[in-house]
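Please look over the sequence and the model below before reading on. The briefing that follows takes the aromatic rings as its starting point and then turns to the fold, the core and the cysteines.

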Amino acid sequence: MLIIYKYSFEIANVITFTMPFGAKILHLDVQCDIPHIWALVDTDKTDIQIRNFKCFGTGHPITNIDNLKYIGTIKQYNDAFIWHIFEAINE
């Protein structure tokens with residue numbers, strides 16, 4: 001069965017989630033000042049995978065851009081902080 005799951009996280013250099021294999025990232029946003037990623041998952045799949053995401057603030061250097069897939073940008077604390085989230089791929 002396909003279901004949308006919500007994964008909350010704290011801002012960090014690397015954010016790691018355990019997700020069902022093949023979960024599709026749908027959206028990134030802040031809800032009640034907490035960052036979340038929403039993903040479409042197939043609950044019939046029993047295999048799981050570790051997915052790593054990297055967070056960069058505006059103006060911060062980004063390395064290994066060829067190994068990153070842009071997910072989205074979020075604002076936090078009344079727009080005081082802007083974060084850009086990428087999924088680490090091919091690592």
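## Briefing on the predicted model

Ring pairs join Tyr5, Tyr7, Phe9, Phe17 and Phe53 into a cluster. The model is a predicted one, and its secondary structure consists of seven strands and zero helices. The points below are grouped by topic, beginning with the rings.

**Aromatic rings**

- The structure contains seven aromatic pairs, and one of them brings together Phe17 and Phe53, whose ring centres are 5.6 Å apart and whose planes meet at 65°, so this pair is edge-to-face.
- Phe17 and Phe53 link distant parts of the chain, since Phe17 lies in strand S2 (residues 14–20) and Phe53 in strand S5 (residues 48–57), 36 residues apart.
- Both partners are shielded, with Phe17 buried at a relative accessible area of 7% and Phe53 buried at a relative accessible area of 0%.
- The rings of Phe56 and Phe86 also form an edge-to-face pair, because their centres are 5.7 Å apart and their planes stand at 80°.
- This pair, too, links distant parts of the chain, with Phe56 in strand S5 and Phe86 in strand S7 (residues 81–88), 30 residues apart, and both Phe56 and Phe86 are buried.

**Overall fold**

- Read from the N terminus, the elements of the protein follow the order β-β-β-β-β-β-β.
- The radius of gyration is 13 Å, which agrees with the value near 12 Å that a compact globule of 91 residues would have.
- Taken along the principal axes, the box filled by the C-alpha atoms is roughly 40 × 30 × 15 Å.
- Among contacts between residues at least 6 apart in sequence, 62% join residues that are at least 24 apart.

**Surface and core**

- Of the 91 residues in the protein, 33% are buried, while the area that the protein exposes is about 6000 Å², with carbon and sulfur atoms supplying 52% of it.
- In soluble globular proteins, nonpolar side chains tend to be buried together.
- The largest nonpolar core here has 17 residues, and the members that touch the most other members are Phe9, Phe17, Phe53 and Ile85.
- Two or more residues of this core come from each of S2, strand S3 (24–31), strand S4 (34–42), S5, strand S6 (68–76) and S7.
- Which residues does Ile85 contact, leaving aside its neighbours within four places in sequence? Ile85 is in contact with Phe9, Leu28, Phe53, Lys54, Cys55, Lys69, Tyr70, Ile71 and Gly72.

**Cysteines**

- A disulfide is a covalent bond between the sulfur atoms of two cysteines.
- How many disulfides does a search of the whole structure find? The search finds zero disulfides.
- Why is Cys32 without a bond to another cysteine? The closest cysteine sulfur, in Cys55, is 19 Å from the sulfur of Cys32, which is too far for a bond, given that the sulfur atoms of a disulfide must lie within 2.5 Å.
- Is Cys32 buried or exposed? With a relative accessibility of 72%, Cys32 counts as exposed, whereas Cys55 is buried, with a relative accessible area of 7%.

Methods. Residues are numbered from 1 along each chain as its sequence is written. This is a predicted model: local features need pLDDT of at least 70, side-chain atom pairs count only at pLDDT 80 or more; totals for chains, interfaces and linings use all residues. Side-chain values use heavy atoms; hydrogens and water are left out. Buried means under 20% relative accessible area, exposed over 50%, partly exposed in between (1.4 Å probe, protein chains only). Rings of Phe, Tyr and Trp (its six-membered ring) pair if their centres lie within 6.5 Å; planes under 30 degrees apart count as stacked, over 60 as edge-to-face and the rest as tilted. Helices (H or I, at least four residues) and strands (E, at least two) are DSSP runs, numbered from the N terminus. The radius of gyration is taken over C-alpha atoms; the globule rule is 2.2 Å times the number of residues to the power 0.38. Contact means heavy atoms within 4.5 Å. Accessible areas come from the Shrake-Rupley method with a 1.4 Å probe; for residues, only the protein chains shown count as cover. A nonpolar core is a set of buried Ala, Val, Leu, Ile, Met, Phe, Trp, Tyr and Cys residues joined through side-chain atoms within 4.5 Å.
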